[in-house]
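Subject: A structure for you to look at

Hi,

Here is the structure I promised to pass on. Have a look around before you read my notes below.

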Amino acid sequence: MVSQHRNDPDLIRAANAIPEHRILDAAYELLLAVGLRRMTMADIARHAEVSRATLYRRWPNVRSVVASLMTREWTELGNAAFRAPADSARERLVDGIVRIAGTVRTHPMLRKIIELDPDFLLPYLLERRGTSTDQQLALIEQALLAGAEDGSIRPGDVAMQAKSLLLTAWSFVLTGPVLVGPDEADGLDEQLRELLDRYLKP
């Protein structure tokens, strides 16, 4: 029955009327409860109180739902991280990256994925960039340009500088917990702050 009406305009409008955050919120709760591998599209639909047909009109499978969820979480975090007042663009950028790294490193969603389904992250680490990575790079590039303008950041290839900053932050997020315990997290953040500040200083 679903396949016969897949292109029905009324059904498509009805599906689009359901807020995406409602579905992603349900996926978030399920991810923390059972992990990605044990989630099904039927579980997400039931938890969000929508039909499976509605879900499949937006996403082909559970992994794509979780990818959208991660994009939402990291984008919101990134947008908020660079808004804090600071004396210079360099300080705002460094503080923002350190804040993001510290938050993501302990984020319940990332910890659950690393604990139960680490293979989900491999394509984003080894094969391709995700949407949230592109958004983070864009934010960092804007901050670098602002720093070049106010003289707080050394001149250079902005695109390459942004990638280098993000790669450095990723290492502190993903490998940091392997090397240091929770009681050393503040020290790790301070080391990242010093590293980034020295790299960017004119």
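Below is what I found in it, going from the whole chain down to single residues.

One thing to keep in mind from the start is that this is a predicted model.

**The overall picture**

The chain has 202 residues, and 41% of them count as buried. Its secondary structure is easy to sum up, with 12 helices and zero strands. If you box in the C-alpha atoms along the principal axes, you get roughly 65 × 40 × 30 Å.

Now for the contacts between residues with a separation of 6 or more: 69% of these join residues 24 or more positions apart.

On the outside, the chain exposes about 11300 Å², with carbon and sulfur atoms supplying 54% of that area. As for charge, there are 25 positive and 28 negative ones, and the mean positions of the two groups are 6 Å apart.

**The core**

Which residues have the most contacts inside the largest nonpolar core? They are Ile44, Leu93, Ile140 and Leu144, in a core of 54 residues. Eight helices are worth clicking through here, since helices 2, 3, 5, 6, 7, 9, 10 and 12 each supply at least two residues of this core. Helix 5 gives the most, with nine residues.

Try selecting Ile140 to see some of this up close. Leaving aside residues up to four places away in sequence, Ile140 touches Phe82, Leu93, Ile97, Ala162, Leu165 and Leu166. One of these partners, Leu93, is also on the list of residues with the most contacts inside the core.

**The annotated stretch and His47**

UniProt, in an unreviewed entry, places a "DNA-binding region" at residues 40–59. In the model, that span is 75% helix and 0% strand, and its end C-alpha atoms lie 12 Å apart. Helix 3 covers residues 41–48, and His47 is found in that helix.

Is His47 buried or exposed? Neither, quite: His47 is partly exposed, because its relative accessible area is 41%, and that label covers values between the 20% limit for buried and the 50% limit for exposed. Not counting residues up to four places away in sequence, His47 touches Ala26, Glu29 and Leu30. Those three partners sit in the stretch of helix 2, which runs over 20–34.

For a sense of scale, compare His47 with Val158: 111 residues separate the two in sequence, and their C-alpha atoms are 44 Å apart in space.

Enjoy exploring, and write back if anything looks odd!

Cheers

Technical notes:
Residues numbered from 1 in each chain as written. Predicted model: local features only at pLDDT ≥ 70, side-chain atom pairs only at ≥ 80, totals over all residues. Heavy atoms only, no water. Helix = DSSP H or I, 4+ residues; strand = E, 2+ residues; numbered from the N terminus. Buried < 20%, exposed > 50% of the residue type's maximum accessible area, 1.4 Å probe, protein only. Contact = heavy atoms within 4.5 Å. Areas by Shrake-Rupley, 256 points an atom, 1.4 Å probe, with all protein chains shown as cover. Lys, Arg positive; Asp, Glu negative; His and termini not counted. Charge placed at Lys NZ, Arg CZ, Asp CG, Glu CD. UniProt positions renumbered as here; feature names shortened; annotations may be inferred. Core = buried A, V, L, I, M, F, W, Y, C linked by side-chain atoms within 4.5 Å.
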